[in-house]
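Load the model in your viewer and keep the selection tool at hand. The stops below follow one another, and each gives a selection and what to look for there.

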Amino acid sequence: FEVSFRLHPCPFLRPFQLLFLFNTAPVFITLLCSRRLYRVRNLQTLPFKMNPFLVCSLAIAFLVTLARTARSPYRQVMDHSRVRGKQHGPNVCAVQKLIGSNKKYYTNCKQWYQRKICGKTTVISYECCPGYERVPGEKGCPAALPLANIYETLGVVGATTTQLYSDRAILKPEIEGPGSFTIFAPSNEAWAALPSEILDALVSNVNIELLNALHYHMVDQRLLTDDLKHGITVPSMYQDLDIHIHHYPNGIVTVNCARLIKADHHAINGVVHIIDKVITAVTNNIQQVVEIEDDLETLRTALAASGLSTLLEGEEEYTLLAPTNEAFQKVPEATLKRILGDPEALKDLISHHILRNAQCSEAIISGASIETLEGSPLEVGCSGNNLTLNGRAIISKKDVLATNGVVHYIDELLIPDAAKTVFELSTASEVSTALERFREAGLSSHLVGKERVTVLAPLNNAFKAGTPVDRELFRNHIVKDQLSSKYLYHGQILETMGGKKLRVFVYRNTLCIENTCIAAHDKKGRFGTLFVMDKILTLPTGTVMDVLKADNRFSMLVAVIQNAGLTEMLNRNASFTIFAPTNEALRAMPQEKRNKLMDAKELANAVKYHIGDEILVSGAVTSLIRLKSLQGEKLDISHRNNTLNVNKNPVAQADIMATNGVVHVVNTILEPPVIRFNLSSDPAVLREAAAYSKIYQRYFQVPQELRGLRRQKH
């Protein structure tokens with residue numbers, strides 16, 4: 001038989017294929033070790049012989065497959081393009097072209113299905129893969145390009161301007177002759193995009209400036225894309241000045257932040273890569289770039305004060321999102337003064353503008369979340385030709401390359417949560433109403449000072465229009481100490497600025513504080529933390545019995561509880577959830593059921609069925625929950641259309657908090673489900689029941705002595 005294996009073009013499916021291969025590898029190895037008996041762990045002995053040639057073929061196929069998975073991201077993208085273009089003939093690659101521009105990309109399957117690059121629509125074209133050409137009358141690109149020297153190859157691959165300048169700079173004899181070179185040749189469009197004064201200076205001094213510029217694009221060794229590893233530097237042929245290589249996971253390769261657009265064109269004396277920019281030598285590190293730029297004067301001062309200047313002078317690569325002087329001027333003076341005067345906040349601010357690797361703009365073809373040095377994520381993306389940060393096109397100058405990374409100038413300051421006051425954290429639109437209420441209650445000092453607090457800020461939709469501001473209530477929305485929700489635990493007690501004690505309830509998918517539950521991730525500021533809550537806090541006013549007695553709607557229920565002898569239980573220090581029927585619900589009860597409840601035991605069971613054995617607030621119900629009642633049966637609690645339901649009955653009012661539980665108001669009497677069997681409707685069921693009855697009777701006709709012997713035997 002014959003075994004063939006092909007990696008799927010989409011990388012996210014390959015791990016499943018590799019899993020199969022790794023699981024079968026022991027079989028191949030065992031087969032190689034023995035030609036008589038083939039033992040595999042957990043399998044029986046296989047008593048057959050196998051052709052040694054077949055065994056070797058399987059082993060080689062396995063090793064080749066593993067080698068393919070080690071290919072570079074660029075090679076994987078090219079493989080994907082070949083698969084997509086295969087229907088058009090051999091050596092045809094699918095290319096995505098941006099509408100309205102000459103930009104083309106070999107892409108992975110994600111971009112292929114999205115049909116977009118940087119948010120712009122693309123069209124698919126099919127071209128010869130690098131190194132191949134069409135033959136008239138033949139399908140696809142069956143012929144390999146003729147192998148020539150680098151000078152001639154430049155003309156073959158369309159880099160005619162580089163070829164022309166090589167001739168003018170008397171570089172032609174060098175790249176026609178013997179040797180092993182790599183040239184990163186700017187495309188014709190790249191030369192045309194140079195400012196006229198720079199281009200004129202180059203071509204007016206071809207023997208020095210132009211020749212030096214071309215030599216900087218060359219390396220005196222053969223380097224294919226598989227050799228261009230991420231983060232490496234290679235010495236150029238101009239004074240051994242380094243060329244900076246970055247090979248990104250999405251398959252894009254950059255040389256001094258210029259993108260390889262056509263790569264791996266072989267020549268007899270080297271290899272040609274076409275790039276989309278003319279590159280220049282880099283001699284300054286990131287810190288030196290900041291020091292020589294007048295537009296980064298404020299950043300320079302802030303870097304020195306934060307102690308991060310040394311970091312940007314080292315060898316490790318970073319991306320600095322450099323705020324200009326104008327960016328600092330846009331920040332309110334009081335905020336900027338506070339941050340600059342606080343060493344820890346300043347360090348967090350500057351660290352939030354530093355990414356942990358060199359991120360060239362050409363490598364960004366879709367959005368990605370990148371962690372900053374400060375630790376919080378930053379959404380880096382693109383829109384057309386513009387880079388975006390958190391969805392905003394605020395990068396005014398990009399790809400200023402340094403020896404240890406890259407600098408992008410931005411015209412807005414990115415202030416992380418870690419450098420903000422709670423007041424600044426609360427300016428988000430989702431809790432802006434709560435922020436205004438805290439201000440009206442005269443509690444702003446707690447939100448802007450250096451006091452360690454946690455603020456429970458209800459969402460805007462939790463407030464009703466015209467609701468008066470209760471200062472004491474909002475004081476109890478401020479918890480002493482700066483907390484993190486991931487460290488809160490069930491039953492924990494929190495103390496508020498108003499002197500009240502709040503309980504923490506941890507549920508399967510939710511964390512709640514009294515009746516209000518956390519609706520979004522924490523926002524941890526410099527001194528305080530903001531919890532975004534789904535409701536306004538309701539404080540407990542007494543035990544469950546105290547709550548019921550204080551509400552005229554439950555006067556009849558209170559009497560029923562007293563008659564059932566459950567008053568003492570509901571005053572205990574315990575945890576209850578009571579679904580409290582109103583007086584109207586009790587009056588609507590049929591007389592037959594009332595008569596049944598005249599029995600004290602029946603009455604107690606009926607009341608206990610309305611009481612759960614734990615505290616369950618409405619915000620904790622995100623799916624069906626079966627709450628065990630004190631009667632023993634379970635209550636089905638669900639949430640539908642923003643309404644809490646118990647046994648499919650809507651709750652009229654939820655979350656009346658008590659010190660030992662929570663009360664939910666219902667307008668109906670809850671009854672345990674009754675399971676009824678209608679045997680008379682199905683003759684087959686009746687016959688089955690009769691058969692089981694006979695077996696049962698036969699068993700009980702066995703003498704008592706024999707049944708005793710049976711027990712002894714077992």
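**Stop 1: the Cys512 and Cys517 link**

Select Cys512: its relative accessible area is 0%, so Cys512 is buried, where buried means under 20% relative accessible area, exposed over 50% and partly exposed in between, with a 1.4 Å probe and protein chains only. This is a predicted model, in which local features need pLDDT of at least 70 and side-chain atom pairs count only at pLDDT 80 or more, while totals for chains, interfaces and linings use all residues. Residues are numbered from 1 along each chain as its sequence is written, and side-chain values use heavy atoms, with hydrogens and water left out.

Now add Cys517, which is buried too, with a relative accessible area of 2%. Cys512 and Cys517 form a disulfide with their sulfur atoms 1.9 Å apart; a disulfide here is a pair of cysteine sulfur atoms within 2.5 Å. The angle about the S-S bond is 90 degrees, and the link of Cys512 and Cys517 is right-handed.

**Stop 2: the other disulfides**

How many disulfides does this rule give? The count comes to five. With the bonded cysteines of the chain numbered in sequence order, the pairing reads 1-4, 2-8, 3-5, 6-7, 9-10.

Select Cys93 and Cys129. Their sulfur atoms are 1.9 Å apart and form a disulfide. This link of Cys93 and Cys129 is right-handed, with 105 degrees about the S-S bond. Cys93 sits in strand β1 (residues 92-98) and Cys129 in the loop between β4 (120-128) and β5 (132-133), so the disulfide ties together parts that are 36 residues apart in sequence. Strands (E, at least two residues) and helices (H or I, at least four) are DSSP runs, numbered from the N terminus. Both Cys93 and Cys129 are buried.

Next, select Cys257 and Cys360, which are joined by a disulfide with an S to S distance of 2.0 Å. The torsion about the S-S bond of Cys257 and Cys360 is about -70 degrees, so this disulfide is left-handed. The pair links distant parts of the chain, 103 residues apart: Cys257 is in the loop between β11 (253-255) and β12 (258-267), and Cys360 is in the loop between β15 (354-355) and β16. Cys257 counts as buried at 2% relative accessibility, and Cys360 does so at 0%.

**Stop 3: the sheet of β16, β17 and β18**

From Cys360, move on to residues 368-371, which are β16. Three strands form an open sheet here, in the order β16-β17-β18, with antiparallel pairing; two strands pair if DSSP finds at least two bridges between them. β16 and β18 (386-389) stand at the edges with a single partner strand each, so one side of each is left without a neighbour in the sheet. Neighbouring strands of this sheet are turned by 30 degrees against each other on average, direction ignored.

Which strand is joined to β18 by four bridges? Select residues 377-383: this is β17, and β17 and β18 run antiparallel. To see a bridge, pick Cys382 and its partner in β18, Leu387.

**Stop 4: helices α9 and α10**

Select residues 196-203 for helix α9 and residues 206-216 for helix α10. The two helices pack at an angle of about 115 degrees, with their axes 6 Å apart; axes are lines fitted to C-alpha atoms, for helices over the stretch in contact, and angles run from 0 to 180 degrees between N-to-C directions.

Which residues meet there? Ala201, Leu202 and Val203 in α9 meet Val206, Glu209, Leu210 and Ala213 in α10, where contact means heavy atoms within 4.5 Å.

**Stop 5: aromatic rings**

The count of aromatic pairs comes to four. Rings of Phe, Tyr and Trp (its six-membered ring) pair if their centres lie within 6.5 Å; planes under 30 degrees apart count as stacked, over 60 as edge-to-face and the rest as tilted.

Select Tyr165 and Trp191. Their ring centres are 4.8 Å apart and their planes are at 85 degrees, so the pair is edge-to-face. Tyr165 lies in helix α6 (residues 160-168) and Trp191 in helix α8 (residues 188-192), 26 residues apart. Tyr165 and Trp191 are both buried.

Then select Phe505 and Tyr507, a tilted pair with 6.4 Å centre to centre and 45 degrees between the planes. Phe505 counts as buried at 5% relative accessibility, and Tyr507 at 14%.

Finish at Phe438, Phe463 and Phe474, which form one aromatic cluster.
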